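Colleague: Before I use this model at the bench, I would like to go through the terms in its description. Please show the structure first.

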Amino acid sequence: MAAATLPSSEQPLLTPYRMGKFSLSHRVVLPPLTRQRSYGNVPQPHAILYYSQRTTKGGLLISEATGVSDTAQGYTDTPGIWTKEQVEAWKPIVNAVHEKGGIFFCQIWHVGRVSNTGFQPNGQSPISSTDKPPRSVAGMDDFSPPRRLKTEEIPEIVNHFRLAARNAIEAGFDGIEIHGAHGYLLEQFMKDNVNDRTDQYGGSLENRCRFVLEVVEAVCQEVGADKVGVRLSPFLDHADAGDSDPEALGLYMMEALNKYGLVYAHVVEPRMIITGETLQTPHSLLPFRKAFKGTFIAVGGYKKEDGNKAIAEGYADLVAFGRLFLANPDLPRRFELDAPLTKYDRTTFYTSDPVIGYTDYPFLEEV
């Protein structure tokens with residue numbers, strides 16, 4: 001452990017920030033991290049410890065991706081929030097975060113075609129913007145051909161997001177993050193590599209973004225724009241979802257989201273690729289950051305040094321640290337003390353064990 005605490009002037013990540021109506025004590029964010037330990041799609045009691053371990057007073061946490069309906073699933077044991085049982089199961093988890101003074105947003109998602117019939121009710125086909133399945137994703141290749149959503153079916157899916165947002169607020173969450181990234185359903189509409197529709201949801205950039213903006217509008221109407229953020233990844237081609245002009249897509253979405261007055265945009269760095277490793281790229285999030293009027297959260301391969309730099313230079317308001325926060329539940333404290341970091345074990349990211357690789361990462365005083 002380092003002998004002295006670094007002054008906040010040298011640690012922009014540890015300075016306070018006002019995110020809309022939320023007062024944050026620091027700028028280190030826990031982003032959504034799928035952990036596959038919600039057996040039967042129901043959050044479990046071990047998540048109480050997991051999230052409370054990573055909570056600091058005035059710190060922002062975003063839940064793991066949480067399904068909006070029984071058609072939204074594509075991975076084993078990921079949580080949902082479409083049933084009463086799921087809502088009740090989330091309540092003690094949210095309460096544990098609030099008891100420690102944390103601010104907790106629920107990320108809601110639909111995986112779309114990144115699924116197979118085994119995850120779908122009655123063995124039906126996954127839904128998407130298209131009838132083309134993705135290629136393999138991080139070693140997964142068991143995808144069923146999706147069913148192209150009919151135009152008249154889309155309002156029902158929008159309503160699923162709205163109801164999930166309502167349920168999340170009922171469960172006690174402070175806000176909602178809409179998952180519009182990583183090749184899942186909303187991005188399957190946004191990106192021209194996937195969207196081959198000829199109706200009002202396909203073709204032009206405006207048409208391809210129509211669905212996600214209808215979801216944003218519905219969720220804002222349900223819970224209030226001051227409690228809504230959106231996650232986007234224009235540059236990524238995760239789940240075989242790329243776009244021919246990601247800069248134009250990102251800028252269009254920033255300008256469109258400004259009209260709703262969202263509390264934040266959470267955007268993935270272009271340097272991130274499917275394996276989660278960093279890659280040099282000429283692209284930057286800075287144009288998006290300049291265009292968006294709310295809080296801007298950057299995520300993707302950050303370490304303490306470049307996180308501090310991003311805040312100091314105005315590149316982002318907040319920085320999310322995924323793998324580092326997973327393996328270091330007291331990450332803000334370690335940053336403050338310039339303490340060494342525990343290395344994460346990738347082999348336990350997605351196992352079902354309720355302890356190993358989940359709640360057994362040590363705190364500084366245990367090292």
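The questions below take the chain as a whole, then two aspartates.

Modeller: Keep in mind that this is a predicted model.

Colleague: What makes the chain as compact as a globular protein of its length?

Modeller: The chain has 11 helices and 13 strands. Its radius of gyration is 19 Å, and the globule rule gives 21 Å for 367 residues; the two values are close, so the chain is as compact as a globular protein of that length. Along the principal axes, the C-alpha atoms fill a box of roughly 60 × 40 × 40 Å.

Colleague: How much of the chain counts as buried, and how much area does it expose?

Modeller: Of the 367 residues, 60% count as buried. The exposed area is about 14,200 Å², with 51% of it supplied by carbon and sulfur atoms.

Colleague: What share of the contacts joins residues 24 or more positions apart?

Modeller: Such pairs account for 72% of the contacts with a separation of 6 or more.

Colleague: How far apart are the mean positions of the positive and negative charges?

Modeller: There are 37 positive and 45 negative charges, and their mean positions are 3 Å apart.

Colleague: Why is Asp243 called buried?

Modeller: Buried means under 20% relative accessible area. Asp243 has 15% relative accessibility, so Asp243 counts as buried. Asp243 lies in the loop between strand E10 (228–232) and helix H7 (246–258).

Colleague: What makes the pairing of Asp243 and Arg208 a polar contact?

Modeller: The cut-off for a pair of N or O atoms is 3.5 Å. The side chains of Asp243 and Arg208 are joined at 3.1 Å, which is within that cut-off. The side chain of Asp243 also has a polar atom 2.9 Å from the backbone nitrogen of Asp245.

Colleague: Which residues does Asp243 contact, leaving aside neighbours within four places in sequence?

Modeller: They are Met190, Lys191, Asp192, Arg208 and Leu249.

Colleague: How do you know whether Asp240 is buried or exposed?

Modeller: The relative accessible area of Asp240 is 18%, and buried means under 20%, so Asp240 is buried. Asp240 is placed in the loop between E10 and H7. Not counting residues up to four places away in sequence, Asp240 touches Arg113, Pro134, Arg135, Asn193 and Val194.

Colleague: How do you know that Asp240 and His26 are not in contact?

Modeller: Contact means heavy atoms within 4.5 Å. What I can give you is the C-alpha separation of Asp240 and His26, which is 35 Å, with their positions 214 residues apart along the chain.

Technical notes
Residues are numbered from 1 along each chain as its sequence is written. This is a predicted model: local features need pLDDT of at least 70, side-chain atom pairs count only at pLDDT 80 or more; totals for chains, interfaces and linings use all residues. Side-chain values use heavy atoms; hydrogens and water are left out. Helices (H or I, at least four residues) and strands (E, at least two) are DSSP runs, numbered from the N terminus. The radius of gyration is taken over C-alpha atoms; the globule rule is 2.2 Å times the number of residues to the power 0.38. Buried means under 20% relative accessible area, exposed over 50%, partly exposed in between (1.4 Å probe, protein chains only). Accessible areas come from the Shrake-Rupley method with a 1.4 Å probe; for residues, only the protein chains shown count as cover. Lys and Arg count as positive and Asp and Glu as negative; His and the chain ends are not counted. The place of a charge is taken as NZ of Lys, CZ of Arg, CG of Asp or CD of Glu. A polar contact is a pair of N or O atoms within 3.5 Å; within protein, one must be able to donate a hydrogen and the other to accept it, and residues adjacent in sequence count only if both atoms are side-chain atoms.
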